[in-house]
Amino acid sequence: MGVAAGPIRVVVAKPGLDGHDRGAKVIARALRDAGMEVIYTGLHQTPEQIVGTAIQEDADAIGLSILSGAHNTLFAAVIDLLKERDAADILVFGGGIIPEEDIAPLKEKGVAAIFTPGATTTSIVEWVRENAGQPAASGG
């Protein structure tokens, strides 16, 4: 992740049993339209599948979308697996229906940012650019 050679690579994933992926697809498209390479894993992914994909795809970041209420467990599992697989340099951010009181504990576990309903795609794209290693002014 240290050298920004080429576009930012982001894995967008739906962990767990969520059956609704419209928000994840909107974010994936916004990131793609902003010039990032996006790998969308689809529905019902396990933390192991998500981390495996991120490592295989040499991702700079993982964006997790969750609506089911299992964010505390699933986000922590992804963070732990990244550490176990020496891939803790992959940035993890998330979004979805996440209660305000759960955001600080998720950040303490290593989730870099949480975007709740109402966050704009522009703010998410800018945040990923600023935090995943690609300066906004780099002419690509």
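Biologist: Is Glu-57 buried, partly exposed or exposed?

Modeller: This is a predicted model, and the accessibility is computed from it. Partly exposed residues fall between 20% and 50% relative accessible area. Because the relative accessibility of Glu-57 is 27%, Glu-57 counts as partly exposed.

Biologist: Which side chain does Glu-57 meet in a salt bridge?

Modeller: Side chains of opposite charge can pair when their charged atoms come close. The pair that contains Glu-57 links distant parts of the chain, 48 residues apart. Glu-57 lies in the loop between H2 and S3, whereas its partner lies in strand S1. With a distance of 2.6 Å from N to O, the partner is Arg-9.

Biologist: Which residues are linked with Arg-9 in a network of salt bridges?

Modeller: The side chains of Glu-37 and Arg-9 meet in a salt bridge of 2.0 Å, N to O. This pair joins strand S2 (residues 37-40) to strand S1 (residues 9-13), across 28 residues. Arg-9 also meets Glu-57 in a salt bridge. The residues linked with Arg-9 in the network are therefore Glu-37 and Glu-57.

Biologist: In the salt bridge of Asp-21 and Lys-25, which residue is buried?

Modeller: The two side chains meet at 3.5 Å, N to O. Lys-25 has a relative accessible area of 46% and is partly exposed. Buried means under 20%. Because the other residue has a relative accessible area of 14%, the buried one is Asp-21.

Biologist: What span does helix H3 reach from its first C-alpha to its last?

Modeller: Helix H3 covers residues 71-84 and has 14 residues. At 1.5 Å a residue, the expected span is 20 Å. The span in the model is close to that expectation, at 20 Å.

Biologist: Which strands are included in what covers the buried residues of H3?

Modeller: The buried residues of H3 include Leu-74, Phe-75, Val-78 and Ile-79. Part of their cover comes from helices, namely H2 (47-56) and H4 (100-109). The strands included are S3 (61-66), S4 (91-96) and S5 (113-115).

Biologist: Are the rings of Phe-115 and Trp-127 stacked, tilted or edge-to-face?

Modeller: Phe-115 lies in strand S5 and Trp-127 in helix H5 (residues 121-131), so the pair ties together parts twelve residues apart in sequence. Both Phe-115 and Trp-127 are buried. Their ring centres are 5.8 Å apart. Because planes over 60 degrees apart count as edge-to-face and these stand at 75°, the pair is edge-to-face.

Biologist: Which residue joins Phe-115 and Trp-127 in one aromatic cluster?

Modeller: A search of the whole structure finds three aromatic pairs. Phe-115 and Trp-127 belong to one aromatic cluster, and the residue that joins them there is Phe-93.

How values were computed: Residues numbered from 1 in each chain as written. Predicted model: local features only at pLDDT ≥ 70, side-chain atom pairs only at ≥ 80, totals over all residues. Heavy atoms only, no water. Helix = DSSP H or I, 4+ residues; strand = E, 2+ residues; numbered from the N terminus. Expected span 1.5 Å × (residues − 1). Buried < 20%, exposed > 50% of the residue type's maximum accessible area, 1.4 Å probe, protein only. Contact = heavy atoms within 4.5 Å. Salt bridge = Lys/Arg side-chain N within 4 Å of Asp/Glu carboxyl O. Phe/Tyr/Trp six-rings, centres within 6.5 Å; stacked < 30°, edge-to-face > 60°.
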